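Open the model in your viewer and keep the sequence panel visible. The tour below goes from one selection to the next.

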Amino acid sequence: MDDAKEWLIEANDLVRVYGDGEEIRALDGVDLRVKHGELLAIMGPSGSGKSTLLNVLGALDKPTRGSVFINGQDMAKIENKAAFRANTVGFIFQLHNLLPTLTALENLEVPMAGRLSARESRARAEELLGLVGLADRRDHLPNQLSGGQRQRVAVARALANNPPLILADEPTGNLDSAAGHDLMQLIRELNLSQGVTFVIVTHDLAVARETSRILVMEDGKMVREDVVGSPLEEDLKVWAHTELGRQIVSGAEGKIEGFDVSDEQLEEIRSLLLQTGESS
Ligand code: ADP
Ligand code: MG
């Protein structure tokens, strides 16, 4: 039962060949299934085909062979690619690509131009700035924002038309690790609160570990897949090694000092900590 709607992205045997004569197989038989609401990372060495894959998924490039279905739609049959991209896919790039002479707010209005009235797009742009925590930077130009803030605007811009899918190519590539971490926290929040699916290409394992699944590419092929623990599991793993965690796991009877929960809750936490301990 391979109902295409079950998957937000379903790509089959994608091949993308560049050049003639000495040809480069940037994609060499990639299959990919992504569920609605996933937060996914794609890693792999430079030149392994990550950007090519994102471009094909986002209809910026056409595969030489193979098929891509987004939300059940066969991309080969979509006539108006620009409209498809505007409605269905948001992009975030390593360089924010904000227009330098427009304010943060105005940059957000650009993708909505012609789709919403001026007043509606202003309201939506303000809502989006709030969503990415930049309400107080609305009138700043890109060069008056930090690198992390610029990428937040780029994230908000990608969300402008409420697409179900956002493709991000090295979104933290130009940020220091603290700003990169903050950006990933924002992306995680938006993934949960807005239900947006994110596919994030990254070199940075710390970034990839903020997602729930990591795919690894090499020479145009998917070579490995890792499932990352949920954020809750990660927190529990840390907690299991604290004094309190140890007391709970060791099955201390009755009340634990300074930890005021019911016996029932305590039992539930204990079983979570034990499960987490087994899986790590
Ligand atoms: P990654 O994003 O993983 O670094 P890319 O998808 O950019 O890799 O590139 C995969 C391969 O395809 C590389 O060998 C690259 O040189 C080649 N390639 C990418 N874009 C083009 C292009 N427009 N023309 C020719 N070769 C290209
Ligand atoms: Mg690339």
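Which residue in β8 is the bridge partner of L40? Select L40 and V199: V199 is that partner. This is a predicted model, in which local features need pLDDT of at least 70, side-chain atom pairs count only at pLDDT 80 or more, and totals for chains, interfaces and linings use all residues. Residues are numbered from 1 along each chain as its sequence is written, and chains are lettered from A and ligands numbered from 1 in the order in which they are written.

**Strand β8 and its partners**

Select residues 197-201, which form strand β8. Helices (H or I, at least four residues) and strands (E, at least two) are DSSP runs, numbered from the N terminus. Two strands pair if DSSP finds at least two bridges between them. Add residues 39-43, strand β3, which runs parallel to β8 and is joined to it by 4 bridges. Then add residues 165-169, strand β7, also parallel to β8, with 5 bridges. Here L165 has T197 as its bridge partner.

Show the side chains of β8. T197, V199 and V201 point one way, while F198 and I200 point the other way. In a regular strand the side chains alternate between the two faces of the sheet. In β8, 5 of the 5 residues are buried (20 or more other C-beta atoms within 10 Å of the residue's own, with C-beta atoms placed from the backbone).

Next select residues 177-194, helix α6, which with β7 and β8 makes a right-handed β-α-β unit. Right-handed means that, with the strands pointing away from the viewer, the path from the first strand over the helix to the second runs clockwise.

**Around ligand 1**

Select ligand 1 and the residues around it: Y18, G19, I24, A26, G44, S46, G47, S48, G49, K50, S51 and T52. Each has its C-beta atom, placed from the backbone, within 6 Å of the ligand. Helix α1 (50-57) and strand β2 (24-35) each supply at least two residues of this shell; the largest share, 3 residues, comes from α1. Colouring by type gives 3 nonpolar, 8 polar and 1 charged (Ala, Val, Leu, Ile, Met, Phe, Trp, Tyr, Cys and Pro count as nonpolar, Asp, Glu, Lys and Arg as charged, and the others, Gly among them, as polar).

**The antiparallel sheet**

Strand β2 also belongs to an open sheet of 4 strands, ordered β2-β1-β4-β5 with antiparallel pairing. Its edge strands are β2 and β5 (73-74), each pairing on one side only. Finish by selecting F69 and D74: D74 in β5 is the bridge partner of F69.

Methods:
Buried ≥ 20, exposed ≤ 12 C-beta atoms within 10 Å, placed from the backbone.
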